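Biologist: I'm new to this one, so could you take me through the aromatic rings and how they sit against each other? A close look at that part alone would be great.

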Amino acid sequence: MPFASSRRSNWANSLLPSSNSKSKILRKPRRRTNLKDFIFANFFTIGLSISLFFFLAVVIRFGVPNPWSSHFRARTRGSKIRKSVTRKPNELNDGVLGANVDMTTKDLYDKIEFLDVDGGPWKQGWIVSYKGNEWDSEKLKVFVVPHSHNDPGWKLTVDEYYDRQSRHILDTIVETLSKDVRRKFIWEEMSYLERWWRDASDTKRENFVNLVKNGQLEIVGGGWVMNDEANSHFFAIIEQITEGNMWLNDTVGVIPKNSWSIDPFGYSPTMAYLLRRMGFENMLIQRTHYELKKELALHKNLEYIWRQSWDAEETTDIFVHMMPFYSYDVPHTCGPEPAICCQFDFARMRGFVYGVCPWGQNPVETNQENVQERAMKLLDQYRKKSTLYRTNTLLVPLGDDFRYISIDEAEAQFRNYQMLFDHINSNPNLHAQVKFGTLEDYFRTLREEADRINYSFPGETGSGQVGGFPSLSGDFFTYADREHDYWSGYYVSRPFFKAVDRVLEQTLRATEMMIALLLGHCQRGQCEKLPISFAYKLTAARRNLALFQHHDGVTGTAKDHVVEDYGSRMHTSLQDLQFFMSKGVELLLGIRHEKSELSPSQFEPEQMRSKYNVQPVHRIITLPEGNSRMVVFFNPLEQTREEVVMVVVKRPDVTVLDSNLTCIPSQVSPEFQHDKSKIFTGRHRVHWKASIPAMGLQTYYIANGFAECEKAKPAKLQFSAKSDMSSCPGPYSCLKLGDMAEIKNRHQSLTFDVDLGLLQKISHKDGSQDVVGEEIAMYSSSGSGAYLFKPNGEAQPIIKAGGHMVIVQGSLMQEVFSYPKTPWDTTTPISHSTRVYNGDNTIQEYIIEKEYHVELLGPDFNDRELIVRYKTDVDNKRIFYSDLNGFQMSRRETYDKIPLQGNYYPMPSVAFMQGSNGRRFAVHSRQSLGVASLKEGWLEIMIDRRLVMDDGRGLGQGVMDNRPMNVIFHILVESNISATSDPILNPSPLSPSFLSHRISAHLNYPLHAFVAKQPQTTPTHPILKPFSPLAASLPCDLHIVNLKVPRLLRYSQQSTESSRFALMLHRWNWDSSYCRKARSQCSGISEEPVNLFSLFKEVSVVSARSTSLNLLHEDLEMLGYAEAEQFGDVVQEGHVFISPMEIQAYKLELRPNN
């Protein structure tokens, strides 16, 4: 049928289941009768003890107190004042002070048997019944919430959907809601609303705003999209929500406080944390494992308080409503029996574009003759659904994908339902009130009821925020919607574009920083010209990154032409951002003082992409005799960066000089390529150790014929026995490889299997060894698709003896390049390099760099899924840890009671195993992939998949548009230096080590390199100073998430009193049981406050205000921060102290010192 897009298979055919920005969350006291009795009996003693304790605590922490005055408005009556607790990093180590909750998702997985028992009409549940007197004392209050789920790209592009459907839906909403104040609606995606707003007449806009203000229309979530929660990085999630929320507030004047997330394929606690710190009060989610839904429903736990695993103080609590059934469409939302609920989807009546009910009974128009029977049938479903929840306030969504597209359709729904409501409401004996509502209507009424009636279960921890509900921590991966259909395939689908997503993210962040530094340092008309003229393209880049976070974008689950549209948008923005940065480099270095967007730049990015769907390539530096080229590096991190860097040159006889024209030792080696007949490109790589200031710029020169300096030292090459020695490139010396293949640096030595070209073991300088057992394998998967991973058995190794291997041995970098022999001699799908680096004070000297070049192209690889597996000697008992959104870790455990595909989990940036002896094996990635530990000591990562068939979830195609691509891992093996937590006994997530955090930061936020377009005569005296904006490097566990000018388009019109800059900081939590390597570059860790007012060298921070993560709330109490008082004091004192794991945002005003 035209444009039908709901992600449902043909299950139904076999009868299978198919605001107000100032509002605050009041923390209510828990109802504990026994506790009250105890308190009253010992009131005087307890009061005296508490008073003495607090007095001593204040004196110890702050000294003798001065007269006290609050920086905040008076607290709302009933809110709970939290004690401020200052923690040191090791006090939070591995969840020792973690959350106290009623249930964790690990507990649920341990308990559930995963038997998939047939439940009758509610296929995945049970036959629901009720007595009939449940609502005698508290009537049933039903809120039917009309909605339309609008994917910003899936089977059509975002523009195609807008033109054909979404603009008509928004027109329909405004018109039909205006006819009757009883009608309600919710809308989520700002990407469509912003486009409609541009096209709408003034009258339509005014009507829309009026509907929002009178409560008929609620904006829920309000992000640019409804983002994916498995693959998206937390930076991009913050960006996409902020982009939508700020546009909405600027345009309509509202800030959402309820989140609506019905279609992402699994849910992350990171999202709950970010929403809480943005001022959201409530969440709604849908797609969780069907067995988990059943378990929660059995115990009336579908509504709960989601708490972060590290949160011992309940500061991250947010209320969650989980929908109980298979889908968010009408058949699966009114009650447990889809065959009946479908009869109340009046858009399925004849004359509309939607299909009839697959259960055989279709909706009919409601009239006076049938209203009694129809109303009672509907109320029966409402009552049955109500028994799954604790309160007598019930939420019933009414919508589906791209619904309410016409006035006739909307009227059919509103007209018929209103007649049914009127009949039910007119009969007081039914003890029910039913009406249209919004999420706000529902959550407000539910909270009011929970405030009157105690729904807490005996012994329940609950939350001080909303009484009567359990508390939960954990995540909801991996999602299964039926049987053994686990949605773990989308963790890896379209990995090429998952990598582009991260490149756009890191480039946008670097550009935002550069714009803020430019405006902060000059603030004169001539300096403002370049960033201000770039404002429209910057907004487009923010929105193109935001758009791709959609749950059919970064997931890789859209039609081919939609993926092309996403890719083209990201490519255009990447080019725009890099073009801007090339010019910004000149201004910050003082080469030119006046720049506009149209003026040419002297520099160009060192890496370039010719098209949206090709890998970036290094620009080849060519140098006439006696000439040199400048290479400028921008460091987007908060600490000075010592790093071995690389550029590609045409001729190997070059030298490297720093900005002071000091000679820098360098190494030259041949460049490799994925070509069996010609593995050398004829070009050369030059490596040297660079030092770049924190958030600053440093210049180097690549020179030809600079006699004062020694030329780059050629590496030595070794060829495997099967390789052709005659292809030895000049100026390198080449030898035949013996029985042993090895590369090493001062910390570790790597041994390889000479026949297979795979890494075997790591030897450390203390004599210890670690087995790695690298393996490259493939799953055969005829049932897999864009969403699902359904392998036919275990993965089989594909590497045979007899491939080509070249070893590069140099002073700065050593490498093993392997072009392996596989069953497909003419189309080998993978080649790979393994590297170690030598560089004092560098992060690189501790890691092993793996780079896999993947070409899963052509019919030979149809229905194949490619993995890399490390078969280590870590006795991890199949327990491992993978990150959630690059923000926090989750403990993973392989279960025999669920299939292989259900034991795969998302890996946005890192995964590690830990043995009983404390030994850790960690793999860091620069893009999102899927990871598992299927046998003891094994860690396997899926890196690409090529699938012919559709997997029955609505996309209607396989995944066949694979691209050549490179996947880079940084492997770290660590030993603990003190007692560490036992992964088996400790059910909480473990934290990465200090070094692991830094490796992830370096990998995900690489240096940005720019090369002079033209060679020049090598200067005889220094002409460029480094640009070093920070007064000092920040503490190494304090990460700048972003430094930006949020409203760049309005920058010149805003007063300097309006705090035009925004700074966001995140403090890592790290495991102190592990060696604090790489501390030599660090100025320290965040044990003491950082002063924002002295952050920069030549720029003054003249004002600083604490704010929410979406930059829209300054009422810190509503955001839940435990350190609210200290957080707020930044306004007066500039001091910032951030607890481990927290992200905090500030609005700043910057002014140059001169």
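Modeller: Let's start with Tyr700, which has 4% relative accessibility and therefore counts as buried, the cut-off being under 20%. Keep in mind that this is a predicted model. The ring partner here is Phe633, and at 3% relative accessibility Phe633 counts as buried too. The centres of the Phe633 and Tyr700 rings are 6.2 Å apart and their planes meet at 70°, so this pair is edge-to-face. Phe633 belongs to strand β18 (residues 627–634) and Tyr700 to strand β24 (residues 697–703), so the pair ties together parts 67 residues apart in sequence.

Now for another pair out of the 53 aromatic pairs that a search of the whole structure finds. Phe497 and Tyr612 have ring centres 6.2 Å apart, but their planes are at 20°, so this pair is stacked. Phe497 sits in helix α14 (residues 495–521), while Tyr612 is in the loop between β15 (607–608) and β16 (617–618), so the pair ties together parts 115 residues apart in sequence. Both Phe497 and Tyr612 are buried.

Rings also gather in a group: Phe185, Phe344, Phe346, Tyr404, Phe414, Tyr417, Phe421 and Phe436 make up one aromatic cluster.

Finally, some rings have a charge over them. Arg1060 lies over the face of Tyr1051, 4.1 Å from the ring centre. The charged end of Lys155 sits over the ring of Trp154, at 5.4 Å from its centre.

Terms used: Residues numbered from 1 in each chain as written. Predicted model: local features only at pLDDT ≥ 70, side-chain atom pairs only at ≥ 80, totals over all residues. Heavy atoms only, no water. Phe/Tyr/Trp six-rings, centres within 6.5 Å; stacked < 30°, edge-to-face > 60°. Helix = DSSP H or I, 4+ residues; strand = E, 2+ residues; numbered from the N terminus. Buried < 20%, exposed > 50% of the residue type's maximum accessible area, 1.4 Å probe, protein only. Lys NZ or Arg CZ within 6 Å of the ring centre and 35° of its normal.
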